Amino acid sequence: MKNNVSDILKVLPHKYPFLMVDKVISKTETNIITLKNVSHNEPYFSGHFPDFPIMPGVLILEGMFQSGGLLFGCANLDKGQLVYVATVDKVKFIKPALPGDQIKFDINITTNLSKYAKFSGKAYVDDVLITQATWTSVIINNTKE
């Protein structure tokens with residue numbers, strides 16, 4: 001996988017405005033580092049909060065999950081399958097992300113069992129830790145049955 005948005009869109013099912021990964025900086029079998037540019041015109045800023053806009057913490061987590069999905073899914077997904085988050089643990093929101101920030105997600109797979117993986121991740125702005133979490137993801141068939 002290359003590092004641009006068009007390559008990211010080939011792996012992730014997410015599209016704007018819910019795509020939370022803009023670029024892949026580096027990727028190994030067990031680690032991925034990605035970026036999210038937090039633009040002042042993101043749709044959630046008009047309501048969260050208008051007088052002091054901050055990126056919702058759940059969307060920072062979503063960026064972590066999507067980055068993990070890129071790391072896990074690139075090697076494991078078959079056609080018609082998706083990576084779903086199954087559990088979320090040990091979440092800490094330390095500092096907010098603001099319009100104009102660039103979030104760096106540093107995600108590691110700690111357990112990889114083909115269709116199931118455990119992750120640990122951290123999010124940084126200007127090398128300052130803003131969020132950390134651990135979670136489990138599973139690969140499921142994307143059927144409507």
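These legends go with a set of close-up views of a predicted model.

**View 1. The biggest greasy core, with Ile60 in the middle of the story.** The largest nonpolar core has 32 residues, and Met55, Ile60 and Ile103 are the ones that touch the most other members. Four elements give it two or more residues each: α2 (57–76), β4 (102–112), β5 (116–125) and β6 (128–141). Helix α2 supplies the largest share, with eight residues. Take a look at Ile60: leaving out neighbours within four places in sequence, Ile60 is in contact with Met55, Ala97, Ile103, Phe105, Ala123, Ile130 and Thr131. As background, nonpolar side chains tend to be buried together in soluble globular proteins.

**View 2. Strand β4 and its partners β2 and β5.** On one pairing, β2 (residues 31–37) and β4 run antiparallel and are joined by seven bridges. Leu35 is a handy place to check this, as its bridge partner in β4 is Lys104. In the other pairing, nine bridges join β4 to β5, again antiparallel. Here you can pick out Phe105, whose bridge partner in β5 is Ala123. Phe105 and Ala123 also both turn up among the contacts of Ile60. Follow the chain from β4 into β5 and you go round a hairpin with three residues between the strands. Ser114 sits in that turn, with a positive phi of about 70°.

**View 3. Phe119, tucked away in β5.** Phe119 belongs to strand β5. Its relative accessibility is just 2%, so Phe119 counts as buried. What does Phe119 touch, if we skip residues up to four places away in sequence? The list is Gly68, Phe72, Ile107, Asn108, Ile109, Thr110, Ala133, Thr134, Trp135 and Ser137. Asn31 is 88 residues from Phe119 along the chain, yet their C-alpha atoms are separated by 9.6 Å.

**View 4. Strand β3 and a nonpolar patch on the surface.** Val85, Val88, Val91 and Phe93 make a nonpolar surface patch of about 300 Å². Val91 lies in strand β3 (residues 81–93) and is partly exposed, at 32% relative accessibility. Asp89 is in strand β3 too. With a relative accessible area of 37%, Asp89 is likewise partly exposed. Not counting residues up to four places away in sequence, Asp89 touches Ala133 and Thr134. For a sense of distance, Asp89 and Ile25 are 64 residues apart in sequence and 26 Å apart in space, C-alpha to C-alpha.

**View 5. The three salt bridges.** The count for the model comes to three.

- **Asp7 and Lys10.** The closest N and O atoms of this pair are 3.7 Å apart. The two residues are three apart in helix α1 (residues 5–11), so about one helical turn separates them. Asp7 is buried at 12% relative accessible area, whereas Lys10 is exposed at 66%.
- **Glu42 and Lys36.** These side chains meet at 2.9 Å, N to O. Both Glu42 and Lys36 are buried.
- **Asp127 and Lys104.** Here the N to O distance is 3.7 Å. The pair links distant parts of the chain, 23 residues apart, with Asp127 in the loop between β5 and β6 and Lys104 in strand β4. Asp127 is exposed, at 63% relative accessibility, while Lys104 is partly exposed at 29%. Lys104 may look familiar from View 2, where it is the bridge partner of Leu35.

Methods: Residues are numbered from 1 along each chain as its sequence is written. This is a predicted model: local features need pLDDT of at least 70, side-chain atom pairs count only at pLDDT 80 or more; totals for chains, interfaces and linings use all residues. Side-chain values use heavy atoms; hydrogens and water are left out. Patches are made of residues with over 30% relative accessible area and no salt bridge: like charges are joined within 9 Å, nonpolar side chains (Val, Leu, Ile, Met, Phe, Trp, Tyr) within 5 Å. Accessible areas come from the Shrake-Rupley method with a 1.4 Å probe; for residues, only the protein chains shown count as cover. A salt bridge is a side-chain nitrogen of Lys or Arg within 4 Å of a carboxyl oxygen of Asp or Glu. Buried means under 20% relative accessible area, exposed over 50%, partly exposed in between (1.4 Å probe, protein chains only). A nonpolar core is a set of buried Ala, Val, Leu, Ile, Met, Phe, Trp, Tyr and Cys residues joined through side-chain atoms within 4.5 Å. Contact means heavy atoms within 4.5 Å. Two strands pair if DSSP finds at least two bridges between them.
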